[in-house]
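Got the viewer open? Let's take a short walk through the aromatic rings, one selection after another.

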Amino acid sequence: MIHKSSAGLVADETPEVVRAQAMNLRTHFEAASRLHREVDDSELSSTDPELLRQVAEALGHARACERLVSELSVFSANETVDDINPSDLKYLLVPYLAAELTMRQVDNDHRMDHLRVARAYLEAFIESLARVSLITPAEAADLSNTGSRGVGLGGMAMSREQRIARIKAERAARAQMEALEAKLAVARGRRAAADEDERDDDTDELEREHATHWLHVAKFGAAESLQSIAQELPMLEEVDRLRREDPGFGRDLPAPPTPAQEAAAASGGGQGLQSFHIPHPSRGQAYDTVRTRTRAERAAGPLARAC
């Protein structure tokens, strides 16, 4: 089978330039994915200055990846997952990483814009998985519609059943991904130490399997994030509408705390924060809530977590 490499030639560029760009893409992706994992696992408040610095740095790497994937024409329109070079499969994750990091920004003045951009990234990510036949069009539609289901009793029951199945599938994919990640690290070390004639293709196949499971884990994360956006964005849009209709709306409410004030309160410093209401949603509060819930779900059993 012929695979298209991410180092495929681009018009008017020398092979040396293309190789340098491909290496730059790998470097940016490794940095973006590493920082995303560190941010996701961090115990710091979403408004902590150090966490925000990591988010900004990771987002810069993700955006660089997005630009390079386009410039290098890494993917073709008619490719399926089996046609893509094993080392390139992971770059399908770029819009997912960009979305998750965009959601971690806590600038209240631009929160709605950030959520809309993140939603577009997530929808593009899910569409790309369907385009390369990693998931079916029906599954893509189900993932994209996670946050827009009805709230009737029938809809709630169906949502709960689907959530249980999704949690089980996400746990299985994550476990397989982590096992393959360990095997891949060993295989890469073996390949690096071997002579050219002694190298085999096991590493490429492990890389393909690992990337495939990583993408499956990410699709569940994308569905969770779309649901979070579907809950938060309408609330912010309603507040914005009320403010435009009544410039005095919320004028007498205390201003929201700054990131520094929230960080001080979280660490036990300062005199505490004034309470405030919906016209001034807490910076990053919704994301922290979803992150805490997700961690609890991963630690619990599927039925307990779905309730």
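Start by selecting W214: its relative accessibility is 18%, so W214 counts as buried, the cut-off being under 20%. Keep in mind as you click around that this is a predicted model.

Now add F29 to the selection. F29 has a relative accessibility of 2%, so F29 counts as buried as well.

What should you look for across the whole structure? A search turns up three aromatic pairs. One of them is F29 with W214, an edge-to-face arrangement with 5.8 Å centre to centre and 65° between the planes. Colour the helices and you'll see that this pair links distant parts of the chain: F29 sits in helix α1 (residues 15–41) and W214 in helix α7 (residues 202–245), 185 residues apart.

Next, bring in Y91. Together, F29, Y91 and W214 make up one aromatic cluster. While you're there, show the side chain of K90 too. Where does the charged end of K90 sit? Over the ring of Y91, 4.9 Å from its centre.

Last stop: select Y96 and F125. These two form a tilted aromatic pair, with 5.5 Å centre to centre and 40° between the planes. Y96 belongs to helix α3 (residues 94–103) and F125 to helix α4 (residues 111–131), so this pair ties together parts that are 29 residues apart in sequence. Buried or exposed, these two? Y96 is buried, and F125 is too.

Notes
Residues numbered from 1 in each chain as written. Predicted model: local features only at pLDDT ≥ 70, side-chain atom pairs only at ≥ 80, totals over all residues. Heavy atoms only, no water. Phe/Tyr/Trp six-rings, centres within 6.5 Å; stacked < 30°, edge-to-face > 60°. Helix = DSSP H or I, 4+ residues; strand = E, 2+ residues; numbered from the N terminus. Buried < 20%, exposed > 50% of the residue type's maximum accessible area, 1.4 Å probe, protein only. Lys NZ or Arg CZ within 6 Å of the ring centre and 35° of its normal.
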